[in-house]
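I opened my notebook for a first walk through this structure. Here is what I looked up, in the order I went.

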Amino acid sequence: MRPPIYLDYSATTPVDPRVVDKMVPFLYDHFGNPASRSHQFGWEAEDAVEMARQEVASLVGCEAKEIVWTSGATESINLALKGAAYFHQERGRHLITVKTEHKATLDTMRELERHGFEVTYLDVREDGLIDFEALKAALRPDTILVSIMYVNNEIGVIQDVPAIGEMLRERGILFHVDSAQATGKIDINLADLKVDLMSFSAHKTYGPKGVGALFIRRKPRVRIEAQIHGGGHERGFRSGTLPTHQIVGMGEAFRLARVEMATENARIRRLRDRLLAGVQAMEEIYINGSLEQRVPHNLNASFNYVEGESLIMAVKGIAVSSGSACTSASLEPSYVLRALGRSDELAHSSIRFSVGRFTTDADVDYAVDLIQTKVGKLREMSPLWEMYKEGIDINSVQWAAH
Amino acid sequence: MAYSEKVVDHYENPRNVGSLDKDDPSVGTGMVGAPACGDVMKLQIRVNEQGVIEDARFKTYGCGSAIASSSLVTEWVKGKTLDQAATIRNSDIAQELALPPVKIHCSILAEDAIKAAIDDYRSKHGSGAELSSADQKAA
C-alpha cells in the first residue's frame, strides 16, 4: 500500500534536505561544546550558533542578542509566561489570553492560576478572530501580560498583532506572541511590532524537532525570570548545553524561509485554493475560520451529516488532522472549533488540511478525489443526510439520548 | 483505532445499505440514537405474509463499529421470523465483530434498532405492541 499523502504540515514539517546537510557536520567533525572557550572545537561551535542566531533574528526583524535558544515553542511559551508573570507579580497578578490558544499557553496559564494568578480567557468571534473591543474591556489596572498566538494551529487565522501591540504598549502591558505557526508564512518585523516576547519553533518551518527560540526585547528592556537554572547559558535566561546541530538546523531553516517565503507562499496559496475549490464543490461544507485573515497553508472544513470517526477511517489515504480526538472512549470535539460556536457534530466532522513545501498538484487532486468519493459514500449511508435531502430539520427531531 | 477485520470488511463493503418505503404496510422502520451522541441508526425490515423478514436495509451515521453493527444485523435478520429476530442480543453482535469495550454501545444500538423496527411493523398491524419510544418521527 502506498504511504498516505502528507497534508499535515501544521503538525510538523519534514526537515528540508538542505537543512539536514548543514546539520550533519555538527554531529561529526564539529561536535564541540559552544561553551568551551579554550579550544578550536568550542570556537567553531560557538560561531555556528551565533550565525544561526543571526538567521533567526533576520527572519523576524530583531537583534541577534534578543534571541534565546530553547527546546521548542512549548518551552519558549513556558519561559515567557512564567518568567514574566513571576518577575512582575508585584505590579499585578492578572493575565489575559484567548480560548483558541495552543495547549502550551492554556496549560501554562492554568499552572499560573494554581500559583495565585488570575487569568481571563477571551472568546473569539465566529471567524476565529479576537474582538479588539472585548480585549480592551478585559484589561484591568493589575493586568501585566497578554498572550496571543499570531497564527492559529487549527484554523490558520491571523490575529491583528500590530494593532493589539500598539494598544498594549500604550498601557504598559507586556505582550507575548506565540509565532510557532507563523514563521515562513507571514512577514514578521519585530522592529515595527510592539511585541515584547515572541515564541518560535523550528519544526513547523522545515527545521528539526527539539529546538526553538524566544525573542526577549532589549529596547525597551523586558525582564523575565529564568525557569531553568544551571551553567548560566544564554545570558542566564536558559541554562543547558546548546544543541549545536539543532540550532544550526533552525538557523538554516529560517534562512530558507526568509529567502523563499514570497515565491513559496504564492505556490502554496494556489494549491490550497485548488483544494478549497474541490471541497467546496460538495454540499453542506462549512469552512472553519476566516478565509481572508488566514495563512495560505491551511484549510479547515466541516462535513455535515458525516460522523467524525468514520470520516477519519475513510480518508486514511491522506495524512490530515481531525477535529475529534476519537482514540479513547470519550469523543472530545476540538475546543477551538467549539469556541467558534460550531456544534459538537460539526466540530467532530472537521478536517484540517495543511499543505507545504513538498505538496504537489497531484497530491491535492488525489486528496480532493478521495474526499469527494468517501464523503459521498458516507452520506449515502447516513440517515441524517437522507432526512436533510427530504427537507427535514434535524434539530426539530426529538432524539432519544443514549 | 485497531478495528477487527470483520469491522473493516463491513465498513468497506457495507451490506444492504439503503431505504425501504416507510409507508409500505409490510415495512417496519426503527430509528435509534441521536446526532449529538455520534450515532444514528435506521433499520428497516420487509416482512412477508408468513411473518418472515425477507429483506432488510440500513442507514447509519456513526463510527466504523456502528456501521459494521448495523450492516451485520441486516444480514442476520433476513429469513428470520419477527420472534426469532427479536432474540438477537447485542453480545452476539459484539462477539461476532470483536468490538472493543468502548464500542459495545454500537452493538446495543443495533439491537435497539431491530426491536424498534419490529415494534413499528407490529404497531402497523395492530398486534398490540407499543410503539417504541426509540422509533422517531420528524416532529
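**Entry 1: a hairpin to start with.** I began at the hairpin of β2(B) and β3(B), where five residues sit between the strands and B:G51 takes a positive phi near 80°. I kept in mind from here on that this is a predicted model.

**Entry 2: how those strands pair.** I followed the two strands away from the turn and found that β2(B) and β3(B) pair in the antiparallel sense over eight bridges. To pick out one rung, I looked up B:K42 and found its bridge partner in β3(B), B:K59.

**Entry 3: the other hairpin.** Next I went to the hairpin of β1(B) and β2(B), which has four residues between its strands; there B:G38 takes a positive phi near 90°. Strand β2 covers residues 39–47 of chain B, and its antiparallel pairing with β1(B) runs over eight bridges. I noted two of the rungs: B:V32 is bridged to B:M41 of β2(B), and B:T29 has B:Q44 of β2(B) as its partner.

**Entry 4: the whole sheet.** I could now put the pieces together as an open sheet of three strands in chain B, ordered β1-β2-β3 with antiparallel pairing. Its edge strands are β1 (27–34) and β3 (53–61), each pairing on one side only. On average, neighbouring strands are turned by 10° against each other, direction ignored.

**Entry 5: what lies on the sheet?** I asked which helix of chain B packs on the sheet and touches β2 and β3. I found helix α2 (residues 64–77), whose direction makes about 175° with that of β3(B). I also found helix α5 (residues 104–124) of chain B, which lies across β1 and β2 and runs at about 145° to β1(B). Then I checked the cover over β2(B): eight of its nine residues are buried.

**Entry 6: the cores.** I reminded myself that nonpolar side chains tend to be buried together in soluble globular proteins. The largest nonpolar core here has 82 residues, and A:V56, A:V60, A:L197 and A:F215 have the most contacts inside it. Helix α2 (residues 40–60) of chain A gives the largest share of this core, eight residues. I looked closer at A:L197: leaving aside neighbours within four places in sequence, its contacts include A:A80, A:L174, A:H176 and A:V222. A second, separate core has 67 residues, and I found residues of both chains in it, including A:F353, A:L384, B:A113 and B:I114.

Note on methods
Residues are numbered from 1 along each chain as its sequence is written. Chains are lettered from A and ligands numbered from 1 in the order in which they are written. This is a predicted model: local features need pLDDT of at least 70, side-chain atom pairs count only at pLDDT 80 or more; totals for chains, interfaces and linings use all residues. Two strands pair if DSSP finds at least two bridges between them. Axes are lines fitted to C-alpha atoms, for helices over the stretch in contact, and angles run from 0 to 180 degrees between N-to-C directions. Two residues are in contact if their C-beta atoms, placed from the backbone, lie within 7 Å. A nonpolar core is a set of buried Ala, Val, Leu, Ile, Met, Phe, Trp, Tyr and Cys residues joined through C-beta atoms within 7 Å. A residue is buried if 20 or more other C-beta atoms lie within 10 Å of its own, exposed if 12 or fewer, and partly exposed in between; C-beta atoms are placed from the backbone.
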